[in-house]
Amino acid sequence: MDAERRRVERDLHDGVQQRLVALAVLLGRARRGGRAPERTDALLAQAHREAQEVLTELREVAWRVHPSALDSLGLREALVGVVERSAVPTHIVYELPEPLPEPVRTAAYFVVSEAVTNAARHAEADEVLVRVTREGGQVEVTVRDDGLGGADPAGGRLTGWRGRAAALDGRLTVHSPPGGPTTITAERPCASSSPRTPPC
């Protein structure tokens, strides 16, 4: 979680903060537009677009912060919130008993929220399906989108997800042929050997 926190801090500093500075500059230039209304209108339109992009980026950063709903309502309700905020139609099938151990539900939440964000942001997907089930002796989280495919299994973000899954004695697999669909599956045994993770 420390690595996740550092990444959120970097996103805020290098992404959101810089966009807010750019927005302030645009608004300052618009205020100084003087007698050129066409230029002022163009700057305000650009500032409006920048503000919308800042809001989008803030939402994405907020998704990566541990949501209070995980503690107060459980994983199911937290994932319903992810689905409702998704920029593309997203459907969820949830077939797990509650409650789950905190490390398991946190890892599942982050895998789903980041995979759904990626599908909307990079894959040009029209639809996403999320399944959270128990298959045999393990919890299985699957996110499938109908986008462009071609996701790099060795990419930095996916490597981070694999590390989180491995910390819970689990594994993460990616199937993303060119042209799609992309399927990301995270599995975690219900009888973990990790002393930090109680069985589910």
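Two strands count as paired if DSSP finds at least two bridges between them, and the helices (H or I, at least four residues) and strands (E, at least two) named here are DSSP runs, numbered from the N terminus. With that settled, start at a hairpin: β2 and β3 form one with two residues between them. In its turn sits G136, with a positive phi of about 65 degrees.

A word on what you're looking at. This is a predicted model, where local features need pLDDT of at least 70 and side-chain atom pairs count only at pLDDT 80 or more, while totals for chains, interfaces and linings use all residues. Residues are numbered from 1 along each chain as its sequence is written, and side-chain values use heavy atoms, with hydrogens and water left out.

How confident is the predictor? pLDDT is its confidence in each residue, from 0 to 100; the protein averages 80, and 76% of the residues score at least 70. Among the elements, strand β1 (residues 90-94) has the highest mean, 96, and helix α6 (residues 156-167) the lowest, 62. Where pLDDT is low, the predicted coordinates should not be read in detail.

Now the sheet. It's an open one of five strands, ordered β1-β2-β3-β5-β4, with mixed pairing. β1 and β4 (171-175) are the edge strands, each pairing on one side only. On average, neighbouring strands are turned by 10 degrees against each other, direction ignored. (Axes are lines fitted to C-alpha atoms, for helices over the stretch in contact, and angles run from 0 to 180 degrees between N-to-C directions.)

Back at the hairpin, β2 and β3 run antiparallel and are joined by eight bridges, with L129 opposite R144 in β3. On the other pairing, β3 and β5 are also antiparallel, over eight bridges, and here R144 stands opposite T183 in β5. T183 is in turn the bridge partner of H175, in the pairing of β4 with β5 (residues 182-189), which is antiparallel over five bridges. β3 itself is mostly covered: six of its eight residues are buried (buried means under 20% relative accessible area, exposed over 50%, partly exposed in between, with a 1.4 Å probe and protein chains only).

What packs on this sheet? α4 lies across β1 and β2 (128-135), running at about 170 degrees to β1. α5 packs on the sheet as well, touching β1, β2, β3 (138-145), β4 and β5, and its direction makes about 10 degrees with that of β3. Contact here means heavy atoms within 4.5 Å.

The two helices also meet each other. α4 (residues 75-85) and α5 (residues 102-121) pack at an angle of about 10 degrees, with their axes 10 Å apart. They are therefore roughly parallel, since angles under 35 degrees get that label (over 145 is roughly antiparallel, 65 to 115 roughly perpendicular, the rest oblique). From α4 the contact takes L75, A78, L79, V82 and R85; from α5 it takes R105, A108, Y109, V112, S113 and V116. By class that's eight nonpolar, one polar and two charged residues, where Ala, Val, Leu, Ile, Met, Phe, Trp, Tyr, Cys and Pro count as nonpolar, Asp, Glu, Lys and Arg as charged, and the others, Gly among them, as polar.

Finally, two backbone oddities. Most residues other than glycine have a negative phi, and most peptide bonds are trans. E124, in the loop between α5 and β2, has a positive phi near 55 degrees, and at 58% relative accessibility E124 counts as exposed. In the loop between β4 and β5 lies P181, joined to G180 by a cis peptide bond with omega about -5 degrees.

Definitions and conventions:
pLDDT is the predictor's confidence in each residue, from 0 to 100.
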